[in-house]
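Grab a pencil and open the viewer next to this page. Try each exercise yourself before you read the worked solution.

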Amino acid sequence: MEEFKGQDLLNFIKELPNDEACKSYLAKIKWHDGFTCSKCGHTKGCAKSGYTYHCYNCHHVESATANTIFHKVKFGLQKAFCIAFEMSTSSKSISSIQMGKRFSLRQGTAWYFMQKVRKAMKSSQKYPLEKLIHVDEFTVGGKEEGKQGRSYDSKKKKAVIAIELTDNNKVKRVYIRSIDDYSAKSLTPIFEEHICKSSKIITDKWRGYEPLKENFNIEQIYSNNGGNFKQLHTIIMQVKSWIRAIPTHVSKAHIQAYFDEFCFRINRSQNKASIFHKTILRMVESKPIYQSQIKQQINV
Ligand SMILES: [Zn+2]
């Protein structure tokens with residue numbers, strides 16, 4: 001199929017000028033390997049108008065949006081595509097308020113759909129970080145920026161971050177997880193989900209990492225006020241300003257979705273040409289997410 005490439009907005013509008021074009025784009029992704037009926041599993045059917053399939057066995061008519069994140073999008077597929085385009089290709093984050101104004105949607109509607117896009121941006125965990133990795137924890141929200149040591153302020157949200165460095169000590173990929181505390185138990189998931197067992201991992205002297213040495217190759221060094229973890233701290237500053245730029249309150253329940261969006265984009269910053277298509281691909285592969293599943297915790 002012809003996948004959309006690049007970040008050119010006019011090109012984007014030209015190639016996907018209306019809801020039908022977007023539907024057909026989804027259909028090409030969804031039935032790339034042929035049709036399989038979602039009701040009965042039958043593989044023979046006929047395509048209708050390019051974006052629905054009629055199953056020969058059970059006569060179910062399946063739309064391109066069924067069983068994807070685009071399921072029952074009420075404001076039209078083109079707007080949905082535009083939101084995904086903005087979120088994946090722009091270098092700064094865009095608020096749901098601004099997105100709403102841009103596409104004539106209520107802020108809440110824009111926010112819900114953006115949360116769905118973020119869910120699709122969540123890591124597949126198929127490509128764990130490898131070779132040289134730096135790990136540290138940080139907090140976002142609340143005040144007292146710049147204060148040393150691990151914060152126990154309950155208003156702050158805690159997170160653990162892992163970065164993979166290239167041979168030239170540049171940041172290659174990043175994963176972030178929201179955590180409840182700094183215990184070994186809370187620090188374990190990012191290791192198990194995102195770090196290859198054969199990699200060399202460097203952390204500071206925090207004792208929470210010690211039990212993890214049983215399964216991972218961890219070296220603990222003094223942080224030297226972050227001096228020994230320069231690349232890591234640059235990324236942490238970027239995450240913090242990314243979160244700070246969100247005008248709506250980000251609750252603890254939702255912060256992981258924002259981290260996932262941040263990582264998805266930073267991990268594809270070398271592949272910006274295909275990032276929109278990758279986003280749509282993920283949204284087709286993801287199961288539908290309903291508003292009820294995204295707890296309503298918006299305090300504007
Ligand atoms: Zn069927």
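**Exercise 1. Find what the side chain of serine 286 reaches, and place this residue in the chain.**

Step 1: Look for a polar partner. A polar atom of the serine 286 side chain sits 2.6 Å from the backbone oxygen of arginine 282. Keep in mind that this is a predicted model.

Step 2: Place the residue. Serine 286 belongs to the segment after helix 9 (275-285).

Step 3: Look for contacts farther along the chain. Leaving out residues up to four places away in sequence, serine 286 touches Asn67, Thr68, Ile69 and Ala120.

**Exercise 2. Work out which atoms hold the zinc ion and what geometry they form.**

Step 1: List the donors. The zinc ion is coordinated by the SG atoms of Cys37, Cys40, Cys55 and Cys58, at 2.3 to 2.4 Å.

Step 2: Read their spacing along the chain. The pattern is C-x2-C-x14-C-x2-C.

Step 3: Check the angles. Four donors count as tetrahedral if all angles lie between 85 and 135 degrees. Here the 4 donor atoms subtend angles of 103 to 112°, so the arrangement is tetrahedral.

Step 4: Sort two of the cysteines by accessibility. Buried means under 20% relative accessible area, and partly exposed lies between that and 50%. Cysteine 55 has 0%, so cysteine 55 is buried. Cysteine 58 comes out at 33%, so cysteine 58 is partly exposed.

**Exercise 3. Describe the sheet of 3 strands.**

Step 1: Get the order. This open sheet runs 1-2-3, with antiparallel pairing.

Step 2: Spot the edges. Strand 1 (45-48) and strand 3 (61-63) each have a single partner strand, so one side of each has no neighbour in the sheet. On average, neighbouring strands here are turned by 25° against each other, direction ignored.

Step 3: Zoom in on one pair. Strand 2 (residues 52-55) and strand 3 pair over 3 bridges in the antiparallel sense. Tyrosine 53 has glutamate 62, in strand 3, as its bridge partner.

**Exercise 4. Now tackle the sheet of 5 strands and the helices that lie against it.**

Step 1: Get the order. This open sheet reads 6-5-4-7-8, and its pairing is mixed. At the edges you'll find strand 6 (171-179) and strand 8 (217-220), each pairing on one side only. From one strand to the next, the twist averages 25°.

Step 2: See what "mixed" looks like. Strand 4 (residues 132-140) and strand 5 (residues 157-165) pair in the antiparallel sense over 9 bridges, with glutamate 137 opposite valine 160 in strand 5. Strand 7 and strand 8, on the other hand, pair in the parallel sense over 4 bridges, and lysine 200 stands opposite asparagine 217 in strand 8.

Step 3: Add a helix. Helix 7 (residues 230-244) lies across strand 4, strand 5 and strand 6, at about 35° to strand 4.

Step 4: Follow the side chains of strand 8. They alternate: Ile218 and Gln220 point to one face and are buried, whereas Asn217 and Glu219 point to the other and are not.

**Exercise 5. Decide whether aspartate 204 is buried or exposed, and find a polar partner for its side chain.**

Step 1: Locate aspartate 204 in the loop between strand 7 and strand 8.

Step 2: Apply the cut-off. The relative accessibility of aspartate 204 is 10%, so aspartate 204 counts as buried.

Step 3: Find the partner. A polar atom of the aspartate 204 side chain lies 3.1 Å from the backbone nitrogen of tryptophan 206.

Terms used
Residues are numbered from 1 along each chain as its sequence is written. This is a predicted model: local features need pLDDT of at least 70, side-chain atom pairs count only at pLDDT 80 or more; totals for chains, interfaces and linings use all residues. Side-chain values use heavy atoms; hydrogens and water are left out. Donors are N, O and S atoms within 2.8 Å of the metal (3.2 Å for Na, K and Ca); water is not among the atoms, so sites may look incomplete. Four donors count as tetrahedral if all angles lie between 85 and 135 degrees; four count as square planar and six as octahedral if opposite donors are over 155 degrees apart and all others between 65 and 115; anything else is irregular. Buried means under 20% relative accessible area, exposed over 50%, partly exposed in between (1.4 Å probe, protein chains only). Two strands pair if DSSP finds at least two bridges between them. Helices (H or I, at least four residues) and strands (E, at least two) are DSSP runs, numbered from the N terminus. Axes are lines fitted to C-alpha atoms, for helices over the stretch in contact, and angles run from 0 to 180 degrees between N-to-C directions. Contact means heavy atoms within 4.5 Å. A polar contact is a pair of N or O atoms within 3.5 Å; within protein, one must be able to donate a hydrogen and the other to accept it, and residues adjacent in sequence count only if both atoms are side-chain atoms.
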